[in-house]
Amino acid sequence: MATDDLATLWRAIRQAGGVQPYIDAELQRRGFATARRDTEGMSKRQLDDYKKALKAEAAERKALKKAAWLAYKANHIVHLGDGVYFNDADDFDRYDPPEPEARRAENELPPLETPTDLAEALGVGIPELRWMAYHRDLAERIHYRRFTIPKKSGGERAIWAPLPKLKAAQRWILRAIVERLPVHGAAHGFLPGRSIFTNAKAHTGARIVLGMDLEDFFPTVTWRRVKGVFRTAGYREQVATLLAMLCTEAPREVIEHDGRTYFAALGPRCLPQGAPTSPALTNTLCLRLDRRLAGLARSQGWRYTRYADDLTFSLPMGGRSPAKARVGTLIGSARRIVEDEGFAVNADKTRVLRRGSQQKVTGLVVNGDGPPRVPRTLRRQLRAAIHNLESGRPLPPDESFARLCGYAAYVHLADADEGRAMLDALHDLAAAAG
């Protein structure tokens, strides 16, 4: 049946008072309703006619039930896959936040009361919404494509980029909901007006810079934690579940078997690196973490910022002396807070940078009172690469023109004049090449 026909049918079912009353009324209207009678005393012909009528009624009832089920599925989520609780009949849950309407209004969030409201906001039907949010532990098709990028520390990082349909839904969720949720002032990643430069600028003129990294940051944020974000924002069980499923995916292994490709889940659904909603969700999810770490830093005379999974503390020059700074105490207290908030510190990447060494924060040098700057070595290498190109020499095999443009934009972020000169030179080279 067509979508419009199913919608019309479901309206008729609701007007009749439910599936069973609708079926009974239709059997009567179509002439298939057969009154039950005692067969005692019936002639053979009467008995045959009675049985034929009952059989015809049963066949019509079965067809009506099938059509009603199709109409129900077209207007209800029904099920979201392996290990995901969903009940279309739920209109209240004891974990729903008190006064959800007031919570949503506080952040000017759209009033999505039902899955139908969400589907309409995304411009899709209920079946398509279910298809995008559905989870399978072993799937032949998923809504993401996988590629890898090199890590600075070596190896490769898997990126799972959503396909167009899901990406459009995630972008709507990002703009309409996630970007409107509160974040802490110490957060600098993926926020308008903030960047690696503003993050580093908060730590200039430091006696000591302490850097700590969160381990497996995105995979740690499971779909249930994401659901908690949407519940706290003022959305009820059903809508919060759908939003969380749309924003998460399980880490998967690609398996080839008998000429077919399968995607096997390796763990619970979590924030995928590559989804537009993931960075902003981590910012609002880390609100309490940032509050606690900022309070810890302030109580001990340190400064604190966070850029994604990169935590930075710094001891200002005019603050406590290094002897009284108690770096070890700060590290231990910060680790306990991080673990209490459901994350883990990557001990191998904890670094203490003192004044006599090069102090870098999110890749920028912050020694002294001047603004953060790109390391001198990188700037020299970039100038040399541009000069070689202008002299007609080819790039090394492990270098690319696009990467040079990225480095120039990076320099421009910290030093607009030098970066602009580099970008202009690269633009002229590209124009000359054709």
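Two residues are in contact here when heavy atoms of theirs lie within 4.5 Å. Keep that in mind as you work through this predicted model.

**Exercise 1. Find which residues Glu-60 touches, leaving out those up to four places away in sequence, and say whether Glu-60 is buried or exposed.**

Solution.
- Start with the location: Glu-60 sits in helix H3.
- Next, look for its contacts. Skipping residues up to four places away in sequence, Glu-60 touches Leu-27, Arg-30 and Phe-32.
- Last, check the cover. Buried means under 20% relative accessible area. Glu-60 has 15% relative accessibility, so it counts as buried.

**Exercise 2. Work out what kind of aromatic pair Trp-10 and Tyr-72 make, and which parts of the chain the pair ties together.**

Solution.
- The count of aromatic pairs comes to 6, and this is one of them.
- Take the geometry of Trp-10 and Tyr-72: the ring centres are 5.5 Å apart and the planes meet at 80 degrees. Planes over 60 degrees apart count as edge-to-face, so that is the label for this pair.
- Now place the partners. Trp-10 belongs to helix H1 (residues 3-16) and Tyr-72 to helix H3 (residues 44-75), so the pair links parts 62 residues apart in sequence.
- Then compare their cover. Trp-10 is buried, at a relative accessible area of 13%, while Tyr-72 is partly exposed at 24% relative accessibility.
- For contrast, try Tyr-304 and Phe-313: their centres are 5.1 Å apart with 40 degrees between the planes, which makes the pair tilted. Tyr-304 is buried at 9% relative accessibility, and Phe-313 is buried too, at 0%.
- One more thing to spot: Trp-10 and Tyr-72 share one aromatic cluster with Trp-69.

**Exercise 3. Say how many residues of helix H12 (residues 278-285) are buried, and which elements help cover them.**

Solution.
- Count through the helix: 8 of the 8 residues in H12 are buried, so you can call it mostly covered.
- Among them are Ser-278, Pro-279, Asn-283 and Leu-285.
- Now look around the helix. The cover includes helices H7 (164-176), H9 (217-220), H10 (223-233) and H13 (287-299), and strand S7 (303-307) joins in as well.

**Exercise 4. Describe the surroundings of His-412: its helix, its accessibility and its contacts beyond four places in sequence.**

Solution.
- His-412 is part of helix H17 (residues 401-414).
- Its relative accessibility is 29%, so His-412 counts as partly exposed.
- Setting aside neighbours within four places in sequence, His-412 is in contact with Gly-419, Arg-420 and Leu-423.
- Check one distance too: 9.8 Å separates the C-alpha atoms of His-412 and Arg-373, which are 39 residues apart along the chain.

**Exercise 5. Compare the radius of gyration of the protein with that of a compact globule of 434 residues, then sketch the whole protein.**

Solution.
- A compact globule with 434 residues would come out near 22 Å, but the protein has 30 Å.
- Its C-alpha atoms fill a box of roughly 110 × 60 × 40 Å along the principal axes.
- For the parts list, write down 18 helices and 11 strands.
- Of the 434 residues, 44% are buried. The exposed area is about 23,400 Å², with 51% of it from carbon and sulfur atoms.
- Among contacts between residues at least 6 apart in sequence, 67% join residues at least 24 apart.
- Finish with charge: there are 67 positive and 52 negative side chains, and the centres of the two sets are 4 Å apart.

Notes: Residues numbered from 1 in each chain as written. Predicted model: local features only at pLDDT ≥ 70, side-chain atom pairs only at ≥ 80, totals over all residues. Heavy atoms only, no water. Helix = DSSP H or I, 4+ residues; strand = E, 2+ residues; numbered from the N terminus. Rg over C-alpha atoms; globule rule 2.2 N^0.38 Å. Buried < 20%, exposed > 50% of the residue type's maximum accessible area, 1.4 Å probe, protein only. Areas by Shrake-Rupley, 256 points an atom, 1.4 Å probe, with all protein chains shown as cover. Lys, Arg positive; Asp, Glu negative; His and termini not counted. Charge placed at Lys NZ, Arg CZ, Asp CG, Glu CD. Phe/Tyr/Trp six-rings, centres within 6.5 Å; stacked < 30°, edge-to-face > 60°.
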